[in-house]
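Here are some notes from a pass through the coordinates, set out as numbered points. Have the viewer open while you read.

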Amino acid sequence: MHTAMPPTATHCPYCALQCGMNLRPVPGAGVEVVERPDFPVNRGALCGKGRTAPEVLSSRVRLTEPLVRSRATGRLEPATWQEALGLVAESLTRTRQAQGADAVGVFGGGGLTNEKAYALGKFARVVLGTSQIDYNGRFCMSSAAAAHQRAFGLDRGLPFPLEDIPRTGCVILVGSNLAETMPPALRYLTELRENGGRLIVVDPRRTRTAAQADLHLAPRPGTDLALALGLLHLVISEGRVDEAFVKERTSGWEEVRATAMAHWPERVERITGIPVPRLREAVRMFCAPQSAMVLTARGPEQHTKGTDTVSAWINLCLSTGRAGRPLSGYGCLTGQGNGQGGREHGQKADQLPGYRKLTDPADRAHVARVWGVDPDDLPGPGRSAYELLDALGSEVRALLLMGSNPVVSAPRAGHVEQRLRSLDFLAVADVVLSETAALADVVLPVTQWAEETGTTTNLEGRVVLRRQAVDPPPGVRSDLEVLHGLAARMGWEKGFPTDPQEVFEELGLASAGGAADYSGIDYGRIDREDGIFWPCPAPTDGRAEHPGTPRLFLERFATDDGLARFIPVEHREAAEEPDALYPVLLTTGRVVSQYQSGAQTRRVAELNAAAPGPFVELHPRLAERIGAVEGQPLAVVSRRGRAVAPARITDTIRADTVFMPFHWPGEGRANSLTNPALDPTSRMPEFKTCAVRVELAEEDQQAARGE
């Protein structure tokens, strides 16, 4: 009789909820997912992606040995680790010596653990000496992060735990379809309404989430900034400003008041398409209870004015005293699994670990001491994600890419694919042979969530511990082992440990005293306490250990004077508005059974059966105008490219807008169309709106003409 192995408590590999789960060994079949009801974020609930995550562990769908592109055949062929790592180290060194350190780039991912993100940033700046590092999290919540910093002096997605949401009086949810992107989180909104709270959803589509709302506002894509300003105008004109809070805990109100008054309700109705009575109803609903929250996601953030749009929603919270108080505040729903931690510890172009700034001499000196290097040897800030991708093949000649698939996920993806192809050398470390990995000169197979231990930081700022449950295949190594091997071959025998706990301890030292201080967190505490909320500094002078900070700003904001800052903003048009040639707006997003670029989820049969491919969602009036019927292939054309996918006709979308999910490559690739125009502050591309025309695919046009 065999003794049953106990399950391993860990976390889902996908979104920023980082749902708790148990992995139970199955003899001869790896592991299966079972509920972990004691973890507070999801309380045992899982979506289909989390439940089927072990399928990507299978050697049938994942990489199991290094691949090197053959000079003779031009194809990727199996190689030894010694050969693969040697070629990567040699190529990066040769490029660096011949063309300078900034001719080498590094591109990371929001799914990497904190330990990997930290080590990758250190590798880029210490071993390569390059400033050219950024990550795909730039495409996630960089606009919200910038607005957080401007208003509060600190960026953490949610300043309160999810458990506070059902206990507030009203939530305005802007540009988030939680029912599909984070299904286990929908229960918080359901419980909110069961407790008597009100839910307002802002979305140009009547999504499954919007269907749960007490009030659904469907603005024209790209007009969320005008909407927030219009609501603030009504707060002022109806005498709903919390004057005492504004006076005691904020600065900059008078200038913001003046800009809001220029956005009167009738003007906002013309811009957004939302009738004035519904604007007034939203203000009444938001201001009636003692507490309320605004939560945003990619909908209002992925714009050239995304930072200002989030600032406008923060201004609404501050003006009504719904920030820095229990059960109130502004929060951002981070998307990627470690989108929060990934930007805190060194992957981002302008940041050092602990949310330290590359431009601050004291921050540089602190991190340099931990790393054992001269502060003057650390490079300065580099290009943002899209700008880095756009520079490939010209200023940046060699690239090391970890855990990202920009061939599918980047804006103007056809151009980005061309840039990747133009590189002198591309190395990709990934779990699967993604569309980007397929272009590489060297592909390094690396471990994934259940095969390794490491921490992530969820959307609440809760640092959690993923635990290794199974051994990886023999030919697979961890990202930490990859960086250790490359560093050793490039002259750095020490400084890049392969033990994740050792890396985390160093991360704590590097973050100590920074905005995102992890120095009081260790694996043991995370294990005992179901995660620790940062900031959590190490105890000093014999004091008790810090409890962590589940709720921020209750006594003061993280600015120098402790006051939240109102930021004056004004509505402006999108970078690209419809015209005679491109008369329709395109917006993009996700579906429940796929995730991000789909590199992992498209390899799971159950998920593919539920969401087999891309589609074009359009209103019946638009379908009638172009002669489309359900399921018919449609061509969506922008100034940057063309995508073809079947029609999905529904009255749940605005008649001037079409929607495409962005999970697929090939002819249905939505990001072939999207606009890389950047927010001037966050450098976020404008994924969420661009001008397109929609027409029958060419073969259908020919049939209609009888050709």
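1. Which strands does helix 2 lie across, and at about what angle does helix 2 run to strand 18? Keep in mind that this is a predicted model. Helix 2 (residues 81-99) lies across strand 4 (67-69), strand 6 (104-108), strand 16 (398-402), strand 17 and strand 18. Against strand 18, the helix runs at about 130 degrees.

2. Now for the sheet itself. These strands belong to an open sheet of 7 strands with mixed pairing, in the order 5-4-18-17-16-6-7. The edges are taken by strand 5 (76-78) and strand 7 (133-135); each has a single partner strand, so one side of each is left without a neighbour in the sheet. On average, and with direction ignored, neighbouring strands here are turned by 20 degrees against each other.

3. Strand 18 is a good place to see the mixed pairing. With strand 17 (residues 425-430), strand 18 (residues 442-445) pairs in the parallel sense over 4 bridges. With strand 4, the pairing is antiparallel, over 2 bridges. As a reminder, strands of a sheet pair through backbone hydrogen bonds, either parallel or antiparallel.

4. If you want to check the register, start with V428, whose bridge partner in strand 18 is V443. D430 stands opposite P445 in strand 18. For the antiparallel pair, look at V68, which has V442 as its bridge partner.

5. Which way do the residues of strand 18 point, and are they buried or exposed? V442 and L444 point one way, while V443 and P445 point the other way. All of them are buried. That fits the usual pattern, since in a regular strand the side chains alternate between the two faces of the sheet.

6. On to the cores. The largest nonpolar core has 163 residues, and within this core F123 and W313 touch the most other members. Helix 7 (residues 224-237) provides the largest share, 9 residues. Leaving aside residues up to four places away in sequence, F123 touches L128, L400, L483, L486, A487, M490 and F496. A second, separate core has 26 residues, among them V407, L420, L426 and L439. More broadly, in soluble globular proteins, nonpolar side chains tend to be buried together.

7. Helix 18 (residues 413-421) deserves a look of its own. Its buried residues are A413, H415, V416, E417 and L420. Those buried residues pack against helix 16 (385-390), strand 16, helix 17 (406-409) and strand 17. L420 is also one of the members of the second core.

8. Just ahead of that helix, have a look at R412, in the loop between helix 17 and helix 18. R412 is not a glycine, yet its phi is positive, near 50 degrees. Because its relative accessibility is 31%, R412 counts as partly exposed. For context, most residues other than glycine have a negative phi, and most peptide bonds are trans.

9. R683 is another one to inspect, with a positive phi near 65 degrees in a residue other than glycine. Where does R683 lie? R683 is in the loop between strand 28 and strand 29. These two strands form a hairpin with 6 residues between them. At 25% relative accessibility, R683 counts as partly exposed.

10. The hairpin strands themselves run antiparallel, with 2 bridges joining strand 28 (residues 675-678) to strand 29 (residues 685-686). One bridge to find in the viewer is that of L678, whose partner in strand 29 is P685.

11. There is a cis peptide bond as well, between W534 and P535, with omega of about 0 degrees. P535 sits in the loop between strand 21 (532-533) and strand 22 (564-565).

12. Last, the largest pocket. What is its volume? The value is about 1,100 Å³. The lining has 43 residues, and the closest to the pocket's centre are Q149, G153, Y355, K357 and A515. Helix 4 (138-152) and strand 15 (356-357) are the elements that give two or more residues to this lining. Helix 4 gives the most, with 6 residues.

How values were computed:
Residues are numbered from 1 along each chain as its sequence is written. This is a predicted model: local features need pLDDT of at least 70, side-chain atom pairs count only at pLDDT 80 or more; totals for chains, interfaces and linings use all residues. Side-chain values use heavy atoms; hydrogens and water are left out. Two strands pair if DSSP finds at least two bridges between them. Axes are lines fitted to C-alpha atoms, for helices over the stretch in contact, and angles run from 0 to 180 degrees between N-to-C directions. Contact means heavy atoms within 4.5 Å. Buried means under 20% relative accessible area, exposed over 50%, partly exposed in between (1.4 Å probe, protein chains only). A nonpolar core is a set of buried Ala, Val, Leu, Ile, Met, Phe, Trp, Tyr and Cys residues joined through side-chain atoms within 4.5 Å. On a 1 Å grid over the protein atoms alone, a cavity is a set of points where a 1.4 Å probe fits but cannot get out, and a pocket is an open set with protein on both sides within 12 Å along at least five of seven lines; lining residues have an atom within 4 Å of a point. Grid points are joined across faces, edges and corners, and a volume is the space filled by probe spheres set on the points.
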